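The following exercises concern a ligand and the pockets of a protein. Study the sequence and the structure, attempt each task, and then compare your reasoning with the worked solution.

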Amino acid sequence: MQQVETDARLYCGIGPNSYRVRIFMAEKGIDLPRVEVDLMKGEHKSPDFLKINSLGQIPVLVLGDGTIITESVAICRYLEERHPEPPLFGAGPVAKAKVEMWNRRVELEVMGTIGDVAFHSQEFFKDRVPQFPAFAEAQRSNVPNKWAWLDREMADGRPFIAGDFFSIADITAGVAAWLCDFFQLERPASLGNVARWLERVRARPSWNA
Ligand SMILES: N[C@@H](CCC(=O)N[C@@H](CS)C(=O)NCC(=O)O)C(=O)O
């Protein structure tokens with residue numbers, strides 16, 4: 001693992017969005033100096049941290065010149081520009097569009113639905129959104145439908161979400177699957193295309209980053 005940008009700081013911790021950046025870096029074979037932010041202790045809502053990210057969320061990348069980049073995908077995009085190999089946002093116009101399309105689709109449709117269950121049912125998020133337990137339950141029953149949708153989409157036999165190459169869309173959907181398991185939500189075992197894809201993703205050395 002190559003340590004890069006030693007004057008930068010990656011604020012990260014537990015949770016799917018920090019994991020996205022860490023897996024992304026592991027795929028590139030790079031690492032950045034990290035500052036661990038303890039969500040359980042509420043460090044992300046401290047006045048000092050809110051100066052870095054007014055939303056009080058991780059991950060955040062602070063560059064050596066003080067530039068602040070929030071949003072996991074924006075951080076990954078910056079890293080892609082700086083360290084283009086292997087391309088994880090696609091290579092060429094069609095692949096790039098497909099990656100953008102699929103990353104957005106899995107983030108909004110799958111990860112978003114799982115996130116809704118968490119936001120509206122977990123004590124931890126009570127200050128983040130006004131919670132509607134009935135909405136959490138509605139979205140809980142919708143989670144298997146979202147996986148079934150992805151399974152149908154992948155019935156063409158492609159090995160990865162955006163095509164025949166691994167991309168950030170696989171990282172997003174992979175952490176969504178992790179989140180799904182973490183909150184004990186349903187991903188029906190009968191969905192063979194999703195199961196085979198997930199096995200492929202979890203077998204990659206980057207997965208445990
Ligand atoms: N859209 C943001 C979401 C960031 C986010 O929600 N991070 C979570 C951890 S995975 C967090 O900091 N949650 C604490 C909170 O919202 O209070 C991204 O992709 O980076």
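**Exercise 1. Determine how many residues surround the ligand in this predicted model, and describe them by class and by origin.**

Solution.
Step 1. Count the residues with a heavy atom within 4 Å of the ligand. There are 13 of them, and the closest are Lys-45, Ile-58, Glu-71, Ser-72 and Arg-128.
Step 2. Sort this shell by class: six residues are polar, four are charged and three are nonpolar.
Step 3. Assign the residues to elements. Helix 1, which spans residues 16-28, supplies three residues, the largest share of the shell.

**Exercise 2. Identify polar side-chain atoms that lie at a short listed distance from an oxygen atom of the ligand, using a cut-off of 3.5 Å for a pair of N or O atoms.**

Solution.
Step 1. Begin with Ser-72, where a polar side-chain atom is found 2.7 Å from a ligand oxygen atom.
Step 2. Turn to Lys-45: an N or O atom of this side chain is 3.0 Å from an oxygen atom of the ligand.
Step 3. Examine Asn-17, whose side chain places a polar atom 3.3 Å from an oxygen atom of the ligand.
Step 4. Consider how far the ligand is covered. The ligand alone exposes 510 Å², and the protein buries 88% of that area.

**Exercise 3. State which pocket holds the ligand, and characterise the lining of that pocket.**

Solution.
Step 1. Locate the ligand: it sits in the largest pocket.
Step 2. Give the volume. The largest pocket contains about 1,100 Å³ of space.
Step 3. Examine the lining. It comprises 38 residues, of which Pro-16, Asn-17, Phe-119, Phe-125 and Arg-128 are the closest to the centre of the pocket.
Step 4. Name the elements that contribute two or more residues: helix 1, helix 3 (72-82), helix 4 (93-121) and helix 6 (168-182). Helix 4 gives the most, with seven residues.
Step 5. Classify the lining of the largest pocket: 19 residues are nonpolar, 12 are polar and seven are charged.

**Exercise 4. Describe the second largest pocket by volume, lining and class.**

Solution.
Step 1. Give the volume, which is about 190 Å³ for the second largest pocket.
Step 2. Inspect the lining residues, among them Arg-77, Glu-80, Pro-84, Phe-89, Lys-96 and Glu-100.
Step 3. Relate the lining to the elements: helix 3 and helix 4 are those that give two or more residues to the second largest pocket.
Step 4. Classify the lining of this second largest pocket: six residues are charged, four are nonpolar and one is polar.

Technical notes:
Residues are numbered from 1 along each chain as its sequence is written. This is a predicted model: local features need pLDDT of at least 70, side-chain atom pairs count only at pLDDT 80 or more; totals for chains, interfaces and linings use all residues. Side-chain values use heavy atoms; hydrogens and water are left out. A residue is near a molecule or strand if one of its heavy atoms lies within 4 Å of it. A polar contact is a pair of N or O atoms within 3.5 Å; within protein, one must be able to donate a hydrogen and the other to accept it, and residues adjacent in sequence count only if both atoms are side-chain atoms. Accessible areas come from the Shrake-Rupley method with a 1.4 Å probe; for residues, only the protein chains shown count as cover. On a 1 Å grid over the protein atoms alone, a cavity is a set of points where a 1.4 Å probe fits but cannot get out, and a pocket is an open set with protein on both sides within 12 Å along at least five of seven lines; lining residues have an atom within 4 Å of a point. A molecule sits in a cavity or pocket if more than half of its atoms lie within 2 Å of its grid points. Helices (H or I, at least four residues) and strands (E, at least two) are DSSP runs, numbered from the N terminus. Ala, Val, Leu, Ile, Met, Phe, Trp, Tyr, Cys and Pro count as nonpolar, Asp, Glu, Lys and Arg as charged, and the others, Gly among them, as polar. Grid points are joined across faces, edges and corners, and a volume is the space filled by probe spheres set on the points.
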